[in-house]
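Work through these exercises with the sequence and the 3D view side by side. Try each task before you read its solution.

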Amino acid sequence: VQLVESGGGLVQAGGSLRLSCVASGGTSSINAMGWYRREPGNQRVLVAAIATESGTTTYAASVKGRFTISRDNAKNTMYLQMNSLKPEDTAVYYCNVDWGTGTSRRIYWGQGTQVTVSS
């Protein structure tokens, strides 16, 4: 599976950005997709995730009510709408895919896109 992210950039606090992640190759075996972020000096942490079949979404407490994850299955594209952005949302955001089953199960990552929120 190949993942290509876009939509990052520089925005003022209170502003909005929409990230996109396009998946290609073996997309029929995707179980779930998600967004993670790596803040400076920290590990990657889950921001939001969406299950393929049920559409069930999960959010980190820090973004709940401000960010919305969605997916267009026909386009194999996942989105993260980020509103009311705060300086602490500054990070590199990564697209993540949970793929396959059993011994073939894999995790795939995109290359990351920088989001910078100025105060």
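**Exercise 1. Decide whether P87 is buried, partly exposed or exposed, then place it in the fold.**

Step 1. The relative accessible area of P87 is 33%, so P87 is partly exposed. The cut-offs are these: buried is under 20% relative accessible area, exposed is over 50%, and partly exposed lies in between (1.4 Å probe, protein chains only).

Step 2. This is a predicted model, where local features need pLDDT of at least 70, side-chain atom pairs count only at pLDDT 80 or more, and totals for chains, interfaces and linings use all residues. Residues are numbered from 1 along each chain as its sequence is written, and side-chain values use heavy atoms, with hydrogens and water left out.

Step 3. Find P87 in the loop between β8 (77-82) and β9 (91-99). Strands are DSSP runs of E with at least two residues, numbered from the N terminus.

Step 4. List the contacts of P87, leaving out residues up to four places away in sequence: A13, V117 and S119. A contact means heavy atoms within 4.5 Å.

Step 5. Compare sequence and space for P87 and V11. They are 76 residues apart in sequence, and their C-alpha atoms are 9.3 Å apart.

**Exercise 2. Describe the surroundings of R37.**

Step 1. Locate R37 in strand β4 (residues 30-38).

Step 2. Check its exposure. R37 has a relative accessible area of 5%, so it is buried.

Step 3. Look for a polar partner. The side chains of R37 and E39 make a polar contact of 3.4 Å. Such a contact is a pair of N or O atoms within 3.5 Å; within protein, one must be able to donate a hydrogen and the other to accept it, and residues adjacent in sequence count only if both atoms are side-chain atoms.

Step 4. Scan for contacts beyond four places in sequence. Among them are Q43, R44, F67, E88, D89 and Y93.

**Exercise 3. Which residues have the most contacts inside the largest nonpolar core?**

Step 1. Count the core: 28 residues. A nonpolar core is a set of buried Ala, Val, Leu, Ile, Met, Phe, Trp, Tyr and Cys residues joined through side-chain atoms within 4.5 Å.

Step 2. Name the residues with the most contacts inside it: M33, W35, L80, M82 and Y93.

Step 3. Trace the strands. β3 (17-24), β4, β5 (44-51), β7 (67-72), β8, β9 and β11 (113-118) each supply at least two core residues. The largest share, five residues, comes from β9.

Step 4. Take Y93 from that list. Beyond four places in sequence, Y93 touches residues including L19, W35, L80, M82 and V115.

**Exercise 4. Work out how β11 pairs and which face is covered.**

Step 1. Start with β9. It pairs with β11 in the antiparallel sense over three bridges. Two strands pair if DSSP finds at least two bridges between them. Y93 stands opposite T113 in β11.

Step 2. Turn to strand β2 (residues 9-12). β2 and β11 pair in the parallel sense over four bridges. Here Q12 has S118 as its bridge partner.

Step 3. Sort the faces of β11. T113, V115 and V117 form the covered face, while Q114, T116 and S118 form the uncovered one.

**Exercise 5. Classify the aromatic pairs around W109, and find the charge over its ring.**

Step 1. A search of the whole structure gives three aromatic pairs. Rings of Phe, Tyr and Trp (its six-membered ring) pair if their centres lie within 6.5 Å; planes under 30 degrees apart are stacked, over 60 edge-to-face, and the rest tilted.

Step 2. Take Y36 and W109. The centres are 5.0 Å apart and the planes at 75°, so the pair is edge-to-face. Y36 lies in strand β4 and W109 in strand β10 (residues 106-109), so the pair ties together parts 73 residues apart in sequence.

Step 3. Take Y94 and W109. This pair is also edge-to-face, with 6.4 Å centre to centre and 90° between the planes.

Step 4. Join the pairs. Y36, Y94 and W109 form one aromatic cluster.

Step 5. Add R44. It lies over the face of W109, 3.8 Å from the ring centre. The charged end of R44 also sits over the ring of Y94, 4.6 Å from its centre. The rule asks for NZ of Lys or CZ of Arg within 6 Å of the ring centre and within 35 degrees of the ring normal.
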